[in-house]
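Me: Hi! I've just opened a new model and would like to talk it through with you. Can we go over it piece by piece?

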Amino acid sequence: MIKIAPSILSADFSKLGEEVIQISKAGADYIHIDVMDGNFVPNITFGPAVIKSIRDKSDKIFDVHLMIDAPERYLQNFYDAGADIITVHVEATKHLHRTIQMIKSLGIKAGVSINPATPVEMIKYVLSEIDMVLVMSVNPGFGGQKFINSSLEKIKEIRTLSKTIDIQVDGGINKDTIKQCISAGANIFVAGSYIFSGDYKERINSLKEV
Ligand SMILES: O=C(CO)[C@@H](O)[C@H](O)COP(=O)(O)O
Ligand SMILES: [Co+2]
């Protein structure tokens, strides 16, 4: 069973609470929340206070994608804000294993993300410690970019290393690219611009039907 995680980066921020309600009703499995610090990535979004303000709008899984340097500084804050999964970038933390242990000690799921230029080898020795790998299929920072094809090879490689781990793909997901990612072995799909530029339910269903 695949899961769809709409990214609220493409939502209308002036009515974020209403958007989270609507996307949940439309069939989202996870609410994907992109946190950016203007340092690890060249864009700034929102932090724990905003996440806390929308937590009571949905009972879906809050999937928090941290695109911030040294994320270990803020794990407790995102947990307190209502995160169910926290994903950190391997490129953003000096002691990845320790950061993963910190997330797990909060009693929630831990994900690790790799950028398009980062090899799977970088996360090989933590795979047994984590719940999810997030394969970035665009360079992180913005929605609406084109899917990078070399991500497919990385998904296959991770699936060979683990039959059971969740593999999430993020960036440029639409009706066509999702098919290729499913064939490669991924099972959770983040989609921002594709879902939010149409009828939410119809778009989510079109991804689930492939
Ligand atoms: O993490 C990110 C971007 O850094 C994503 O979650 C985007 O929000 C995906 O947007 P689309 O490529 O689906 O428009
Ligand atoms: Co994301």
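Me: Let's start with Tyr79. Which helix does Tyr79 lie in?
Reply: Happy to help! This is a predicted model, and in it Tyr79 belongs to helix H3, which covers residues 75-81.

Me: Which residues does Tyr79 touch, not counting those up to four places away in sequence?
Reply: Those are Leu106 and Ile108.

Me: And is Tyr79 buried or exposed?
Reply: Somewhere in the middle. A residue needs 20 or more other C-beta atoms within 10 Å to be buried, and Tyr79 has 19, so Tyr79 counts as partly exposed.

Me: What separation do the C-alpha atoms of Tyr79 and Val50 have?
Reply: They are 13 Å apart, with the two positions 29 residues apart along the chain.

Me: I also noticed Ala70. Where does Ala70 lie?
Reply: Ala70 sits in the loop between E3 and H3. Ala70 is partly exposed because it has 15 C-beta neighbours inside 10 Å.

Me: What is phi of Ala70 near?
Reply: Phi is near 45° there, a positive value in a residue that is not glycine. For context, most residues other than glycine have a negative phi.

Me: OK, on to the strands. How many residues of strand E5 are buried?
Reply: Five of the six, so to speak a mostly covered strand; E5 spans residues 109-114.

Me: How many bridges join E4 to E5?
Reply: Five, and the two strands run parallel, with E4 made up of residues 85-89. Between them the chain passes through helix H4 (residues 96-105), and this β-α-β crossover is right-handed.

Me: Which residue in E5 does His89 stand opposite?
Reply: That's Ser113. Ser113 also has a bridge partner in E6, namely Leu134.

Me: How many bridges do E5 and E6 pair over, then?
Reply: Four, again in the parallel sense, and E6 covers residues 132-136.

Me: Switching to the ligand. How many residues surround ligand 1?
Reply: The shell has 23 residues, and the closest are Ser7, Pro140, Gly143, Gly192 and Ser193.

Me: What's the split into nonpolar, polar and charged around ligand 1?
Reply: Nine are nonpolar, twelve polar and two charged.

Me: And which elements each supply at least two residues of that shell?
Reply: Strand E2 (30-36), strand E3 (61-67), strand E8 (188-191) and helix H7 (193-196) do.

Me: Now the other end of my list: where is Ala184?
Reply: Ala184 is in helix H6, residues 175-184. With 19 other C-beta atoms within 10 Å, Ala184 is partly exposed. Leaving aside neighbours within four places in sequence, Ala184 is in contact with Leu152, Ile155 and Lys156.

Me: What separates the C-alpha atoms of Ala184 and Lys52?
Reply: They are 35 Å from each other, and the two residues are 132 apart along the chain.

Me: Let's zoom out. How many helices and strands does the protein chain have?
Reply: Eight helices and eight strands.

Me: What about the radius of gyration of the protein chain?
Reply: The chain has 16 Å, which agrees with the value near 17 Å for a compact globule of 210 residues. Along the principal axes, the C-alpha trace spans about 40 × 35 × 30 Å.

Me: Last one: what share of the 210 residues counts as buried?
Reply: That share is 41%. And among contacts between residues at least 6 apart in sequence, 63% join residues at least 24 apart.

Definitions and conventions. Residues are numbered from 1 along each chain as its sequence is written. Chains are lettered from A and ligands numbered from 1 in the order in which they are written. This is a predicted model: local features need pLDDT of at least 70, side-chain atom pairs count only at pLDDT 80 or more; totals for chains, interfaces and linings use all residues. A residue is near a molecule or strand if its C-beta atom, placed from the backbone, lies within 6 Å of it. Ala, Val, Leu, Ile, Met, Phe, Trp, Tyr, Cys and Pro count as nonpolar, Asp, Glu, Lys and Arg as charged, and the others, Gly among them, as polar. The radius of gyration is taken over C-alpha atoms; the globule rule is 2.2 Å times the number of residues to the power 0.38. A residue is buried if 20 or more other C-beta atoms lie within 10 Å of its own, exposed if 12 or fewer, and partly exposed in between; C-beta atoms are placed from the backbone. Two residues are in contact if their C-beta atoms, placed from the backbone, lie within 7 Å. Two strands pair if DSSP finds at least two bridges between them. A crossover is right-handed if, with the strands pointing away from the viewer, the path from the first strand over the helix to the second runs clockwise.
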